[in-house]
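Welcome! Please take a moment to look over the sequence and the 3D structure, and then read on for a short tour.

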Amino acid sequence: MRAVRYHQFGGVETLVVEQVPEPRPGPGEIRIRVAAVSVNPVDWKLRSGAGRELMPIDLPAIPGRDAVGVVDQIGVGVRGVSIGDRVFGLGGFTGSTAEFAVLSAWAHAPATWTDEEAAGAPVAALTALAGLKVLGPLWGRTLLIEGAAGGVGSAAVEIAVAQGASVIGTASERNHAFLTSLGAVPTTYGEGLAQRLATLASGGVDAAFDTAGSGSLADLVAIVGDPARVSTIADYANAHPMGVHLVMAENDSTLLAQAGELGRQGRYTPRIERTYPLEQFAEAHAHVERGHTRGKVVVRV
């Protein structure tokens, strides 16, 4: 099968498209014929070598964690899915950017989502759901999302709105109309945030979810008044010392099904900034590595 691989850590020049052996699903796993994959920040961090202490990987490695496609093999013990079903999901930290990929968590893809949208959902939705869950019930509460225009942030906005929250999202001014379209009240990030929030949320901010890792945790704790009402997916250095929840995506088919159901209801649609063909995968990596992505970057396989 064709796959993208890198044989050494480094820049995007290490990425090559080549022929590799097809993977086989183990017990509790499925294999899909991949239609599209998304590129997540963790992908370029692993490729560069920056993330190898936290998430060791073997070389050569196929980048990518999440994907959408049609089931073509089913491992022992798997129930509730059939050959030919269209699913979205994820496997290990690597392995999805290929013609075939093995998934350990999946859900049926909503017919309302394109392949590109479904490919953008797994990591973003699972991370958003994890970051919101630790904050408790959101109905009737005011939630601040830092970095609300990114892949996880935009998913968190729609999911939180669906759960009954009033959402304020920080982003650069060029993304304010985008946040409004998602159902959030936009504001800029950085100095003076507390003062801006005092105007936007006269009743105060009940909880905060940091998806940006820009060093704002101390400010977020001060704004909501309790570190237990703040979560982050990006500030590994400061979360524990401050008592803030540090969360990450876990391979959970139940949560993926929740995201899929919101998609079927029209309450969550993964936002795609740009789609690349497989042969331009290096450009897709470079795009995400530059940062400031609105929604997700996707590669069609």
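What follows is a briefing that starts with the whole chain and then visits a few helices, loops and single residues.

This is a predicted model. The protein chain holds ten helices and 15 strands. Its radius of gyration is 19 Å, close to the 19 Å that the globule rule gives for 301 residues, so the chain is as compact as a globular protein of that length.

**The chain as a whole**

- If you follow the C-alpha trace along its principal axes, it spans about 60 × 40 × 35 Å.
- Of the 301 residues in the protein chain, 52% count as buried.
- Take the contacts between residues at least 6 apart in sequence: 65% of them join residues at least 24 apart.
- About 12700 Å² of the protein chain is exposed, and carbon and sulfur atoms supply 52% of that area.
- The chain has 24 positive and 30 negative charges, and the mean positions of the two sets lie 3 Å apart.

**Helix α1 and its surroundings**

- Val42, Asp43, Trp44, Leu46 and Arg47 are the residues to look for here, as they are buried in α1.
- The buried residues of α1 pack against three strands, β1 (2-6), β2 (15-19) and β3 (30-39), and against the helix α10 (281-289).
- Just after α1 comes Gly49, which has a positive phi, near 95°.
- Further along, Pro60 sits in the loop between α1 (41-48) and β4 (66-74).
- The peptide bond that joins Leu59 and Pro60 is cis, with omega at about -5°.

**Helix α3, a mostly covered helix**

- How far apart should the ends of α3 (residues 122-133) be? At 1.5 Å a residue, its twelve residues should span 16 Å, and the end C-alpha atoms are indeed 16 Å apart, so the two values agree.
- Eleven of the twelve residues of α3 are buried, which leaves the helix mostly covered.
- The buried residues of α3 include Pro122, Val123, Leu126, Thr127, Leu129 and Leu132.
- Ala124, Ala125, Ala128, Ala130 and Gly131 are also among the buried residues of α3.

**From α3 into strand β8**

- Gly140 lies in the loop between α3 and β8 (142-146).
- Is Gly140 buried or exposed? Gly140 is exposed, because its relative accessible area of 61% is over the 50% cut-off.
- Gly140 and Asp206 are 66 residues apart along the chain, yet 9.7 Å separates their C-alpha atoms.
- Thr142 belongs to strand β8.
- With a relative accessible area of 17%, Thr142 is buried, since buried means under 20%.
- Setting aside residues up to four places away in sequence, Thr142 touches Ser166, Ile168, Ala201, Gly204, Val205, Asp206 and Ala207.
- Asp206 therefore turns up twice in this part of the tour: its C-alpha atom is 9.7 Å from that of Gly140, and Asp206 is touched by Thr142.

**Links to the later part of the sequence**

- Phe178 is found in helix α5 (residues 176-182), and at 12% relative accessibility it counts as buried.
- Which residues does Phe178 contact, leaving aside neighbours within four places in sequence? They are Ala149, Ser154, Arg271 and Arg294.
- The C-alpha atoms of Phe178 and Gly295 are separated by 9.8 Å, although the two residues are 117 residues apart along the chain.
- Glu273 is part of strand β14 (residues 272-277).
- Glu273 counts as partly exposed, at 32% relative accessibility.
- Not counting residues up to four places away in sequence, Glu273 touches His287, His292, Thr293, Arg294 and Lys296.
- The C-alpha atoms of Glu273 and Lys296, 23 residues apart along the chain, are 5.6 Å from each other.
- Arg294 is a residue to remember, as it is in contact with Phe178 and is also touched by Glu273.

**A loop residue to finish**

- Pro27 has its place in the loop between β2 and β3.
- Pro27 is exposed, with a relative accessible area of 69%.
- From C-alpha to C-alpha, Pro27 and Ala194 are 50 Å apart in space, and they are 167 residues apart in sequence.

Terms used:
Residues are numbered from 1 along each chain as its sequence is written. This is a predicted model: local features need pLDDT of at least 70, side-chain atom pairs count only at pLDDT 80 or more; totals for chains, interfaces and linings use all residues. Side-chain values use heavy atoms; hydrogens and water are left out. Helices (H or I, at least four residues) and strands (E, at least two) are DSSP runs, numbered from the N terminus. The radius of gyration is taken over C-alpha atoms; the globule rule is 2.2 Å times the number of residues to the power 0.38. Buried means under 20% relative accessible area, exposed over 50%, partly exposed in between (1.4 Å probe, protein chains only). Contact means heavy atoms within 4.5 Å. Accessible areas come from the Shrake-Rupley method with a 1.4 Å probe; for residues, only the protein chains shown count as cover. Lys and Arg count as positive and Asp and Glu as negative; His and the chain ends are not counted. The place of a charge is taken as NZ of Lys, CZ of Arg, CG of Asp or CD of Glu. The expected span of a helix is 1.5 Å times one less than its number of residues.
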